[in-house]
Every structure is written in C-alpha cells, then in structure tokens.
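Hello,

Here is the structure I promised to pass on to you. Have a look at it first, and then read on for what turned up in it.

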Amino acid sequence: MSDKHVAMLPGSFDPPTNGHIDIIERSAALYDKLYVVVADNIGKSYLFSADERKAMLEDILKGYHNIEVVTYQGLVVEFARKQRVGVMIRGVRALADFGYEFELAMTNKQINPDLEVLFMPTSPEYFMLRSSGIKEMASFGADVSKLVPAVVAEQLKKRIKVIGNE
Ligand code: ADP
C-alpha cells in the first residue's frame, strides 16, 4: 500500500520558474513529505542536465525539511510505486493544460491504480509562466529575473547565448 501522506510533483523543470516553486511550496504545506521528481527522459533534449536542474531546485528549496529533490529516468508512476508515494500533484495553468493532464491521469491510473492524482491551479500571477517561454525570452536578452528564482536567472545568463549579440 502507498502512503497517502507522501506526495510527489514530477516535471521537467528546465529550468524551474516561480510558477513551479509556488506549486511546490503549496504542495509541501499539505503533505508530510514531498518528492520533487526531476524527469530525465532519454528521448527529450534539455537545456540543463538533470543534475543541474536538481541542484538549482535543491538550492531554492533548501529551507524545507520535508522536500526531497530526486532525478528519475523512466515512468514517474513507477517511481511512486517504488517509494510508496500515494499522491501525484500536477499544476494546471489553463484549460489547455487540463485536457492534456486529464488524459495523462487516465493512462497513469491504468499503470498504477493505487496512485491518486490531484490538480492544483496555478496562482493567478504565474498563469502565463512556462519554462519554454522563459528560455525563449532569455535567448532574446529579455530580463527574466522577476519570473524565475535568482539562481536560475544566473544560470540562464551563463548558459544561453543571446540572439543578435554574437
Ligand atoms: P513546463 O515545462 O510546462 O513548465 P514542467 O513539466 O516542468 O512544465 O512542469 C512540472 C509541473 O509544474 C507540472 O505539473 C506543470 O503543470 C506545473 N507547472 C509548470 N508551470 C506552472 C505554473 N506557472 N503554474 C502552475 N503549475 C505549473
């Protein structure tokens, strides 16, 4: 049996945004333990490696004793089974997110029927934030420091070559 006091929040976090951190902090307040699961999918290409994304999240979340950041290759529902995680939380921004998330939840339920999936709506100030948008803005030299934690803004500056500035 899984433990319904233990939750996980999986995602790419490439890179983590203030929207992610908001959902993580609100989830951690509801459960005894929260795993933030950094997906490391072989088929996907990321700007930051799984270890880099994990390190940024650990730095940002170091004040929380009940949060553990892990990287995982493979299906996150299998991670849940292994760690006896009872609840998976997914943040939803808009109706478009919901359609996709709903289908995913149906599939995941077939693989791991014991895992409950909960959707948490974004805080209004973050509803337009997504990692792909952040990377695009940064590549055009836009200031993203109000949209991501300081450590992420710093890493983005180092990593992204600004278009038109070569
Ligand atoms: P994305 O690349 O779309 O930002 P991730 O796979 O990294 O998404 O997202 C991890 C989790 O965080 C997902 O549940 C996603 O819906 C959620 N999330 C991402 N951005 C936000 C936001 N601005 N507000 C609420 N939830 C978010």
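Let me start with what surrounds the ligand: the residues of the shell divide into six nonpolar, seven polar and two charged. Please keep in mind that this is a predicted model.

Which residues come nearest to the ligand? There are 15 residues around it, and F13, G91, R93, T122 and Y126 are the ones that come nearest.

Some of the contacts involve oxygen atoms of the ligand. At G91, a polar backbone atom is 2.4 Å from a ligand oxygen. R93 uses its side chain, where an N or O atom is 2.9 Å from an oxygen atom of the ligand. S12 takes part through its backbone, with an N or O atom lying 3.1 Å from a ligand oxygen. As for how well the ligand is covered, it exposes 530 Å² when taken alone, and the protein buries 89% of that.

The ligand also tells you where to find the largest pocket, as the space it takes is that pocket. If you want to trace the shell along the chain, look at strand 1 (3-11), helix 1 (18-28) and strand 4 (85-92), the elements that give two or more residues to it.

The loop between strand 1 and helix 1 deserves a visit of its own. F13, one of the residues that come nearest to the ligand, lies in this loop. Is F13 buried or exposed? F13 counts as buried, because its relative accessibility is 2%, under the cut-off of 20%. The backbone of F13 is worth a look too: phi is near 50 degrees, a positive value in a residue other than glycine.

D14 is found in the loop between strand 1 and helix 1 as well. With a relative accessible area of 4%, D14 is buried. What lies 2.9 Å from a polar atom of the D14 side chain? The partner is the backbone nitrogen of F48.

P15 has its place in the loop between strand 1 and helix 1 too. The peptide bond that joins D14 and P15 is cis, with omega at about 0 degrees.

One last stop is R84, which you will find in the loop between helix 3 (76-83) and strand 4. R84 has a phi near 60 degrees, a positive value in a residue other than glycine.

Enjoy exploring, and write back with any questions.

Best wishes

Notes. Residues are numbered from 1 along each chain as its sequence is written. This is a predicted model: local features need pLDDT of at least 70, side-chain atom pairs count only at pLDDT 80 or more; totals for chains, interfaces and linings use all residues. Side-chain values use heavy atoms; hydrogens and water are left out. A residue is near a molecule or strand if one of its heavy atoms lies within 4 Å of it. A polar contact is a pair of N or O atoms within 3.5 Å; within protein, one must be able to donate a hydrogen and the other to accept it, and residues adjacent in sequence count only if both atoms are side-chain atoms. Accessible areas come from the Shrake-Rupley method with a 1.4 Å probe; for residues, only the protein chains shown count as cover. On a 1 Å grid over the protein atoms alone, a cavity is a set of points where a 1.4 Å probe fits but cannot get out, and a pocket is an open set with protein on both sides within 12 Å along at least five of seven lines; lining residues have an atom within 4 Å of a point. A molecule sits in a cavity or pocket if more than half of its atoms lie within 2 Å of its grid points. Helices (H or I, at least four residues) and strands (E, at least two) are DSSP runs, numbered from the N terminus. Ala, Val, Leu, Ile, Met, Phe, Trp, Tyr, Cys and Pro count as nonpolar, Asp, Glu, Lys and Arg as charged, and the others, Gly among them, as polar. Buried means under 20% relative accessible area, exposed over 50%, partly exposed in between (1.4 Å probe, protein chains only).
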